[in-house]
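Trainee: Hey, got a minute? I'd like to walk through this one with you.
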Amino acid sequence: MRNFCCLLIILFLNKKNLVAQEYEYQKTIDSLLLQIKNNANVEVKNSLTYKIAQNYYYIGNNDLSKLYLDSVLLSSKDNRLKYRSFVLLQDIHRKNNNIKKRLEVLKELLSVSNKIDTEHSVDANTRVASYFSEFMKIDSAEFYINKIKGNALKVKNDTISSFFYEEMGILQSIKGEHELALENYLTSLEIRENNNLSGIPRLYNNIAIEFQNSSQFEQSNEYLKKALRLGNNENPDLVASCYYNMGVNFQELGEQEKAFQAFSKVTGYEIRSTNMLNAKAASFYNIGYYYQLKNQIDSSKLNSYRALDIVNDTKNDYLKLLILQDLSNSYLLENKLDSAKVFLNSTFSIIKENGYDDQKAYAFHLLAKIDSIGKDYKASLISYKEAIRIKDSLSNIKNSDKIKELQVQFATLEKEKEIESLNNENNAKELSLAKQKLQTFVLMVAVSFSFCILLIIIYRYLLKRKNNRVLQKKNDEIEIKNQNLIRRGKELERSIKDKEVLLKEIFHRVKNNLQLVSSMLNLQAENYNNYMVNDFVSRSQDRILSMSLVHQILYKGKDIDNVNFKQYLSGLMEAIKSSFDFTDSDIKFIISSDDEFYDIDVAIPLGIIINELVHNSMKYAFLETKEGKIEILSEKTEDGKTKITVSDDGPGFSKSDTEQESYGLRLVNLLVRQIKGKINFSSVSGTRAEIIF
């Protein structure tokens, strides 16, 4: 209760301070309005109007600020005042997240800057580059930076110089040139600290990010602490950014509790910019991951859903993909496989639409785990193999890209050497011409120039040696990674082979166990001198045999997933013939089938169905004759289904025979439904059964 009262007092005092501040700004506005009323000079009025717009901007009333700025821009002919007005108007559109209007204002800013001086041109181009960097349009940002690079280094205005170096650092950071980015940030920081300029906390944060990119996480945290000490009065986006980067550093250092505290602080700030909303979503995501590690799945899911709500608004598909994967894993840990699969399917949709191949392997890995827990081991194995294949593919692409990058760097160095050589030749010619005019002067120039050339050569030599060391180090790292990947690939291949051997052993044992059951039935039947019992045992043995044959083919074959149906039918027919005493009969078996392959879930039911139908033909079709044929035909229908026909040339059957359904026929109908097919019987020139599935 005491803490709650203290909190209320703090809130009241803060509100009181804000009201007092707003009152002071309003007093200033009233004073400026009075001055405008008493002044006849148009440009003085415009200058006072701009100050009113500034004060409304400080209060947070962007609409009134924009209204006064529009008035200045319509009536003023002072380009410097118009420039300041466009700068403020651009910032208002930035806060309102009005991207289109913001770009229009920046174009006007460029136009006005060209009418003033070089300093304003540098500042305007830097602001445009900053806009394009913010939206990751690197080529456009680089164009505007390169456009004013030469002039920027000559500018005497410390604020503009500092801003230019900072923007250079941002652009180089996006391009992955982290050493150059850090160098430019430190130059910008030195200018600001020496001249007591604003924006130092933001620079501390940017420098911390570069140390983070270089895996110097403790150094990064030191700069973030500096930023937080100075930046508490700055915008909440910056403070939230500092805490978010601190959370990332603690994660990398393995300090999960501190990372959790930092990410929790991010979620407490009211954030407006899209980039920081994504950081807030990432913070909820990391908090969810923390709870997942603690096995607090409900808390993990709650934070993941909060993150999902944000990214649905910011349209950050990559972050959404990570969150959906995390939710899928949470449901998997709860053994809610259907929910886990729903979220995983959503991740596959995002990967398909955006081509996020770096997350594809993990998605298949999750799918393999889900199928494995669901006891769909075949699907799990397929997903697991796909995950390995994608990882290997990405690794190969990464290595190829690295080699190309090194080749480009080498080609650039060679080109620079060639240019340097051409420059040296050109300089030598110029020296030779000058020598003819003034021998003494040329001699002094030649000596000076030779000394400069020597320094350049020494510098280039040292630079090349440094670059060679860097290249050699990178090559060594790549070689180590390649060796690790090859070793891992061999281990995985060996693991897969071991599992295939294990599956074959399982098929072999299943086949032996089925034969053992058949033998036990045979021994049991010898104790009974009853035709019905013996017939039941015989039929049961044949059904067991049809299942055993499938496992025998899988055990002996190279393919452990599918059964060669033609080979299977041949073996089944031989087994059925041997079970009937037709020594004095001429019954022919005709099998017409292509080399079709079925998995075990289809092959076993089909084998039992055909076994039953052929048994019925052997038993009833040739009672009055010793000659005949039984034909089995497998073919494809027009709609892509498979049709298997079992027929004989016996006397056929009557309608009453099919109405009095025996156990065998009930079994046939049940198994046909199991393979999602249908069966039709006809009795024209014998008995004919058609199975379509």
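Mentor: Sure, we'll go through a sheet, a helix and a couple of loops.

Mentor: Keep in mind that this is a predicted model.

Trainee: Okay, the sheet then. In what order do its strands run?

Mentor: The order is S2-S4-S5-S7-S6, in an open sheet of 5 strands with mixed pairing.

Trainee: Which ones are the edge strands?

Mentor: Those are S2, residues 586-592, and S6, residues 678-682. Each of them pairs on one side only.

Trainee: And how much are neighbouring strands turned against each other?

Mentor: By 10° on average, ignoring direction.

Trainee: Back to S2 for a sec. In which sense does S2 pair with S4, parallel or antiparallel?

Mentor: Parallel, over 7 bridges, with S4 covering residues 627-636. If you want a spot to look at, Ile591 stands opposite Ile632 in S4.

Trainee: Which helices lie across those strands?

Mentor: One is H24, residues 600-620, which lies across S2, S4, S5, S6 and S7. H24 runs at about 20° to S5. Another is H26, residues 663-674, lying across S6 and S7 and running at about 140° to S6.

Trainee: Switching topic: what about H5? How far does H5 reach from its first C-alpha to its last?

Mentor: H5 spans residues 99-113, so to speak 15 residues, and reaches 21 Å, close to the 21 Å expected at 1.5 Å a residue.

Trainee: Which residues of H5 are buried?

Mentor: Arg102, Val105, Leu106, Leu109, Leu110, Val112 and Ser113. Looking down the helix axis, the buried residues of H5 fall within an arc of 165°, so they line one face.

Trainee: What do those buried residues pack against?

Mentor: Three helices: H4 (79-95), H6 (118-134) and H7 (138-147). On the other side of H5, Lys100 and Lys107 are exposed.

Trainee: Now the loops. Where is Ser215?

Mentor: Ser215 is in the loop between H11 (200-213) and H12 (217-231). Its phi is near 65°, a positive value in a residue other than glycine.

Trainee: Why point that out?

Mentor: Because most residues other than glycine have a negative phi.

Trainee: And what is the phi of Asn295?

Mentor: Asn295 also isn't a glycine, and its phi is positive, at about 65°. You'll find Asn295 in the loop between H15 (274-293) and H16 (297-314).

Trainee: Is Asn295 buried or exposed?

Mentor: Exposed: its relative accessible area is 57%, and the cut-off for exposed is over 50%.

How values were computed: Residues are numbered from 1 along each chain as its sequence is written. This is a predicted model: local features need pLDDT of at least 70, side-chain atom pairs count only at pLDDT 80 or more; totals for chains, interfaces and linings use all residues. Side-chain values use heavy atoms; hydrogens and water are left out. Two strands pair if DSSP finds at least two bridges between them. Helices (H or I, at least four residues) and strands (E, at least two) are DSSP runs, numbered from the N terminus. Axes are lines fitted to C-alpha atoms, for helices over the stretch in contact, and angles run from 0 to 180 degrees between N-to-C directions. Contact means heavy atoms within 4.5 Å. The expected span of a helix is 1.5 Å times one less than its number of residues. Buried means under 20% relative accessible area, exposed over 50%, partly exposed in between (1.4 Å probe, protein chains only). The arc is that of the directions from the helix axis to the C-beta atoms.
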